[in-house]
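I sat down with this one to look up a handful of things and jot down what turned up. My notes follow in the order I made them.

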Amino acid sequence: PTGFTGGRWAISRADGTAVDIVRVDPETTALDLPPGELHAELIDAPQGVSLAFDFTVPSGSPVVFPAPDVVPVTARCFLDGAADPAPACRVEVIGTPSFIAFQRATEPLLLPRGFSGTLRLSHAETYTYEEHPVADLQSSATVDGALSRLVDTSGWAAGDMHQHAMRSADSTVPSEARVLANLAAGLDFFAPTDHDIVEDYPRVLEEMGLAEAIHLFQGAEISPVRGHINIFPVSYTHGHASGAPALAVREGLRSTRQRNTNELLAEARDQGTQITQINHARSETSSLFDWVKLDPVTGQAQRNHADMPEQFESMEIFNAPKAVCALLRDWFSFHRRGIHITGVGNSDTHALGAPSGWPRNYVHLQGEPLTDDTLVKGLREGRVSVSGGLIVDFGDELLPGDVVDLPADAGSFELPI
C-alpha cells in the first residue's frame, strides 16, 4: 500500500561487524544468516527515511522486516500545455526531510507519512517552475506542474558533455539515475564520459523505455593523472575490457610503459573518435595545460612536450568556476594565433547532488535533426553557446563560430542576453 516493494538490508552483529547484505521483498521466505544477535539497516530506504531493527537468529518465529512508513506521491511536469507529462521532472522536497529527486512520471516519490512542506517542480533553466504546499501527508497524492518555456531555444540542442556514473571508480550514481537526472534537467542530449571505460547506455535507455526521449552522444574520458581528455563519439562493444584506449602498453615480459597523450589520441582517432575535448586544463587535479606548462602567450609547452596534444577540437572553459579566467586566457591565445578551438562548459558531475547540465552547451544544429553527425559538425565549426544560466540571443544573422569584420577605427554589434 505504501508503494515500497522491498530493498537491500545491511546485516551486522551487535558489535558492528558486517555480516552480509541481503535483499528482502514480499516474496522472501528464507535467509542464510549466522546465529546470534543481529542488526539490520535498510540501505534502499527512500530519501530522508531511516529504518533499522535488531533480531535474534534462530528466532523461533518468523522475522518480519518492516516496510518504511511512507506515502507515494506522483509528481509530473507538463510542458507548454502538453497532454502528456515530460519523461522526468526535477522535484525539490523542502521540509523535513529536504532533498532533490529526479522523478519519472510513472513512478511515485516516497515521502514520510505526515510530511509537511513544499514540493518545487522544475525542468531546465529555460522553463518556469511551480511550488506546491503539502500538509500532513497521509494518503497517496498526485502533484502536477504546468511549466511554460521562458526562452526560445528552437534550433539549438542542449547537452552536457562531461559527466560520470557508476562505471567510473569515483562515482556511485546508477546509470539509470544519471539518465533521469539528465532528462529532468531538460537536456536534449547527454554524453556519458566515465573514466577509461564505456557503459552500455544503449541498453540502459532501451530497458528504461527512454531511447527516444534523449539523444546519446557516447563518450569516454581518457584519464591519466597528468591530464584528462574526453573523446566523442565512441561505441560500446560487448566483451571489450573498457572501450577506451589503454593508458599503458606492455614492453617485454615484465615491464609496461604509460603512453603519452598523442599516442592515446592517435588510437582514439583510429577507433572513430572525431572530437577530442581537453578537460579542466588549469588549476584542477589532472590539469593538462599545467602539466605541460603551457605558455598562454606563445601557445607552446615548456615541458613534457609529448603530452601537449598536436590536435584537439574543443576545450572546457567552464568547469570549475575558479579556473574560468585562466582558461579564457588560453582559449583567446589559440584564436589570436589562428587556431580554432571550440570552447565548451560541462558539469563534470560525479554525484546526483551535483546537477547535470550546469553549465551546459547549446549546440546550433543549423536546421538539421539532432544526430551524432550534426553534433560533431556543430562542435567542429564552433556553433556552441555555453550557459551557466545566461543565454545569448544570437538572432538570425550571427552564430557562434562566425567571423565579424569591423572597421579598424570603430564598430560594434549587440548580443542580447
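**Strands β3 and β4**

I started with strand β3, residues 36-42, which is joined to β4 by six bridges, and the two run antiparallel. This is a predicted model, so everything I note here is computed from it. I picked out one bridge to look at: Leu38 has Phe55 as its partner in β4.

Next I asked myself which side chains of β4 are buried and which are not. Strand β4 covers residues 52-57, and its side chains alternate. Phe53, Phe55 and Val57 point to one face and are buried. Ala52, Asp54 and Thr56 point to the other face and are not buried.

**Aromatic pairs around Phe53**

I then looked up the ring pairs and found 13 aromatic pairs in the structure. Trp9 and Phe53 make one of them, edge-to-face, with 5.6 Å centre to centre and 85 degrees between the planes. Trp9 sits in strand β1 (residues 7-13) and Phe53 in strand β4, so this pair ties together parts that are 44 residues apart in sequence.

Buried or exposed, I wondered about Trp9? Trp9 has 2% relative accessibility, so I put it down as buried. Phe53 comes out at a relative accessible area of 17%, and since the cut-off for buried is under 20%, Phe53 counts as buried too.

Phe53 has another ring partner, Phe65: the centres are 5.2 Å apart and the planes stand at 90 degrees, so I logged this pair as edge-to-face. Phe65 lies in the loop between β4 and β5 (70-79), twelve residues from Phe53, and the pair links distant parts of the chain. Both Phe53 and Phe65 are buried. Which residues form the aromatic cluster here? I wrote down Trp9, Phe53, Phe55 and Phe65 as one cluster.

While I was in that loop between β4 and β5, I checked Pro68, which lies there as well. Pro68 is at 2% relative accessibility and so counts as buried. I also looked up how Pro68 stands to Ser50: they are 18 residues apart in sequence, and their C-alpha atoms are 8.0 Å apart in space.

**A four-stranded sheet and helix α1**

I moved on to an open sheet of four strands, in the order β7-β6-β9-β10, with antiparallel pairing. Which strands stand at the edges? They are β7 (99-104) and β10 (130-134), each with a single partner strand, so one side of each has no neighbour in the sheet. On average, neighbouring strands of this sheet are turned by 25 degrees against each other, direction ignored.

A reminder to myself: strands of a sheet pair through backbone hydrogen bonds, parallel or antiparallel. I counted five bridges between β9 (residues 117-122) and β10, which run antiparallel. I noted one of the partnerships, in which Leu121 is bridged to Glu130 of β10.

Then I looked for what lies across the sheet. Helix α1, residues 175-184, lies across β6 (88-95), β7 and β9, and runs at about 90 degrees to β6.

**The cavity**

How many cavities of 30 Å³ or more does a search of the whole structure find? I got one. The largest cavity has a volume of about 40 Å³. I listed its lining residues as Ile222, Pro224, Gly227, Ile229, Thr261, Leu264 and Leu265. Helix α3 (residues 261-270) gives the largest share of that lining, three residues.

**Ser314**

I looked up one serine further along the chain. Ser314 is in strand β20, residues 314-318. With a relative accessible area of 1%, Ser314 is buried. What does Ser314 touch, leaving out residues up to four places away in sequence? I have Ile275, Thr276, Gln277 and Ile278 among its contacts, along with Ile341, Thr342 and Val344.

**Whole chain**

I finished with the overall tallies. The protein chain has six helices and 23 strands. Its C-alpha atoms fill a box of roughly 90 × 65 × 35 Å along the principal axes. Of the 417 residues in the chain, 48% are buried. For contacts with a separation of 6 or more, I noted that 60% are between residues 24 or more positions apart.

Key
Residues are numbered from 1 along each chain as its sequence is written. This is a predicted model: local features need pLDDT of at least 70, side-chain atom pairs count only at pLDDT 80 or more; totals for chains, interfaces and linings use all residues. Side-chain values use heavy atoms; hydrogens and water are left out. Two strands pair if DSSP finds at least two bridges between them. Axes are lines fitted to C-alpha atoms, for helices over the stretch in contact, and angles run from 0 to 180 degrees between N-to-C directions. Contact means heavy atoms within 4.5 Å. Buried means under 20% relative accessible area, exposed over 50%, partly exposed in between (1.4 Å probe, protein chains only). Rings of Phe, Tyr and Trp (its six-membered ring) pair if their centres lie within 6.5 Å; planes under 30 degrees apart count as stacked, over 60 as edge-to-face and the rest as tilted. On a 1 Å grid over the protein atoms alone, a cavity is a set of points where a 1.4 Å probe fits but cannot get out, and a pocket is an open set with protein on both sides within 12 Å along at least five of seven lines; lining residues have an atom within 4 Å of a point. Grid points are joined across faces, edges and corners, and a volume is the space filled by probe spheres set on the points.
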